[in-house]
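Trainee: Could we go through this model together, one question at a time?
Mentor: Gladly; let us have it in front of us.

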Amino acid sequence: MYDTAVTEQTVDQTTTKISARNVQVHYADTHAIRDVDVKIEDKTVTAFIGPSGCGKSTFLRTLNRMNDTIDICRVQGEILLDGENIYDPKVDPVQLRAKVGMVFQKPNPFPKSIYDNIAYGPRIHGLAKNKADLDVIVEKSLRRGAIWNEVKDRLHAPGTGLSGGQQQRLCIARAVATEPEVLLMDEPCSALDPIATGQVEELIDELRKNYCVVIVTHSMQQAARVSQKTAFFHLGNLVEYGDTGEIFTNPIDPRTESYITGRIG
Amino acid sequence: MTDASIPSASVPDGAPSGRSSSLLTLDGRVRRRNAAERRFRMYGIGAVAIGLIFLALLLVAIVRNGGPAFTQTFITVPIELVEAKLDKTGNRDLDEIKKVSTFGYKPLVVDGLSVLLTRNGIDNVLTKRKDIAKLISASAVGQIRDHVVANPDQIGQTVEFRLLASSRVDGYFKGRVSRESLARDKNLDAAHLDIADALMARGALDRAFNWNFILGADASESRPEQAGIGVSMLGSFFMMLVVLALALPIGVATSIYLEEFAPQNRWTDLIEVNISNLAAVPSIVFGILGLAVFIQFAELPQSAPLVGGLVLTLMTLPTIIISTRASLKAVPPSIRDAALGVGASKMQSVFHHVLPLAMPGILTGTIIGLAQALGETAPLLLIGMVGYIASNPPDGIASGFLDPNSAMPAQIYEWAKRADPAYYERAWGGIIILLLFLMSMNIIAILLRRRFERRW
């Protein structure tokens, strides 16, 4: 049902949020990402697809400098967020990550209460002046994460006690609580069952109204369902990037076609 | 392959036919493999059983040898504090009273014992009348004198004193001394034992729990009945304070830096290797290091718990660092990612999320390290804490850290070294106390781990 919907969707705006120019990533001696140039649009869901080890997660992590935590990782080239190079020496990665939130493959709530999970980001960034403010932020974030109705009666129960799908939506709510502009999602549904996946996908579609969403996925069906733009990575190269409908119905590059039809990957 | 399996599947009831094998009979290979597994299990059970047997033997030996140290034989003696001997002037002048040394009290004890014997209708069968005093500990005269100095108004009255029996008499009631063994002993005769038996029967002599052993100070070589482990326990306590105050913050800070912040390079590798090696360095090496650095170079006082604590800190640090690093490593990286992902700084992610999760492991490691330090003797040997006899508990906190003292394991070693078999019993008793401390520290470690453990 989503497949048909996607082709009909049009991208409302075409403002570029992130633009990468000639990005190279090295892990020690391995050249993991080669010459990637891409413009990611605001208020759009962009999907990165490709076989395992193709560099899509690595590239996603360069977008909020999570790669900085890996000692042997080097990034070259420019990544501009609203025109500012995030690899400029003056940029503090901590400040950047408040703007570019991230959701991980495995749901990873803090072993604290649901409330504290959401409130942690706003607290350390000083977004709430008092308890009442914080309550408002927590409720708003949980509503955005489409999980408010399920947890509103047990905000002080541990976040780790939720089911996998609920945990992942909690993590999404946690990511939006710091008012980011971009949301990066690294295979957010790979640890979830189909029903939870459906709920998270609906949520991603909803989030598109307010955020620039970039999602890495192994499932081509998922990419087709949730994204408007798709980028296909292969062996560290960005092979093809375009409207999702185009990529899936009429790919230009033969490698994309092989992957989509299941011959490689 | 499929061809082969079809006929074998069609064989009814597993009857073997041709080359196909039945599932109901074991082939030689499987039988050998099962036998090997059974043998291995037997080895394991055997090893566990041997371990348990040794543990049981150890515990039985400790309790049997050390248990008697917790009781002591006392004799209640009515002693007349004769004014003519203790206060010749009669004006109760404390300075005058203090001039009478413990030697002057000896006749009073002999008289008191004689009175006790007559009162109970026991004959003094000893050839020399004053030999009766050998029933009583040499510490008795000191005890009486202290009482008189504290209560000069009681001079001239008869006061009932509960005096320690001498270690031979005590040993007789504990089964350590027999009439045969006294034949070669100049300190006591068999006749003394007859008197002691009679006194026991009349209730003037009794065996009671010995608080002085737990709370008291060590005594001279000839008075094992008076020796206690309390003061060296305080020495150990002050050392542990030093170790805790230094090793925990230094160890945890080192581990956090190495585990979370330090770049991976040759220097950090070198540091890591050396920390692991330090954990295996014999403790006496730390002792000689402490002697050279803290006493000879820094000129800190000898035999002081402060120095002992510093040396033990050096020894405990590698243990704490290794266990802290292990527990930091055990925190799943997804938690760090989660914290960094919402824009926490490295330090915030460590202190808000990683450290609380690693806490049970850190506390356990620290307590195990402390327990190890508590039982350590060899380094104390070199800084003069072994063999020192502290006769009084420290006056205050500063004196607790700086005045010469001993430590529990050092005290045990000291007792085990002494010739009198009564000290042998004390040494075992000391081991019981030390083991109780170690056991309670381990229980605290387990409880803390349970209490703080969280799931993710």
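**A covered strand and its surroundings**

Mentor: Both faces of β9(A) are covered, with Lys229(A), Ala231(A) and Phe233(A) buried on one side and Thr230(A), Phe232(A) and His234(A) buried on the other. Buried means that 20 or more other C-beta atoms, placed from the backbone, lie within 10 Å of the residue's own (12 or fewer is exposed, in between partly exposed). Strands (E, at least two residues) and helices (H or I, at least four) are DSSP runs numbered from the N terminus. This is a predicted model, where local features need pLDDT of at least 70 and side-chain atom pairs count only at pLDDT 80 or more, while totals for chains, interfaces and linings use all residues. Residues are numbered from 1 along each chain as its sequence is written, and chains are lettered from A and ligands numbered from 1 in the order written.

Trainee: Which residue of β10(A) stands opposite Thr230(A)?
Mentor: Strands pair if DSSP finds at least two bridges between them. Six bridges join β9(A) to β10 (residues 237-243) of chain A, and these run antiparallel. Opposite Thr230(A) in β10(A) stands Gly242(A).

Trainee: And on the β3 side, which residue stands opposite Thr230(A)?
Mentor: Strand β3 (residues 45-49) of chain A runs parallel to β9(A), joined by four bridges. The residue opposite Thr230(A) is Ala47(A).

Trainee: Which residue takes a positive phi in the hairpin of β9(A) and β10(A)?
Mentor: This hairpin has two residues between the strands. The one with a positive phi, near 50 degrees, is Leu235(A).

Trainee: Which helix gives the largest share of the largest nonpolar core?
Mentor: Such a core is a set of buried Ala, Val, Leu, Ile, Met, Phe, Trp, Tyr and Cys residues joined through C-beta atoms within 7 Å. The largest has 140 residues, and Phe48(A) and Val214(A) are among those with the most contacts inside it. Its largest share, twelve residues, comes from residues 230-261 of chain B, helix α11.

Trainee: Which element gives the most to the side of chain A that touches chain B?
Mentor: Contact means C-beta atoms, placed from the backbone, within 7 Å. By that rule, 21 residues of chain A are in contact with 18 of chain B. With four residues, the element giving the most is α4(A).

Trainee: What is the radius of gyration of chain B?
Mentor: Chain B has 20 helices and three strands. The globule rule (2.2 Å times the number of residues to the power 0.38, with the radius taken over C-alpha atoms) gives 23 Å for 456 residues. Chain B is well over that, so it is more spread out than a compact globule, with a radius of gyration of 33 Å.

Terms used: Two residues are in contact if their C-beta atoms, placed from the backbone, lie within 7 Å.
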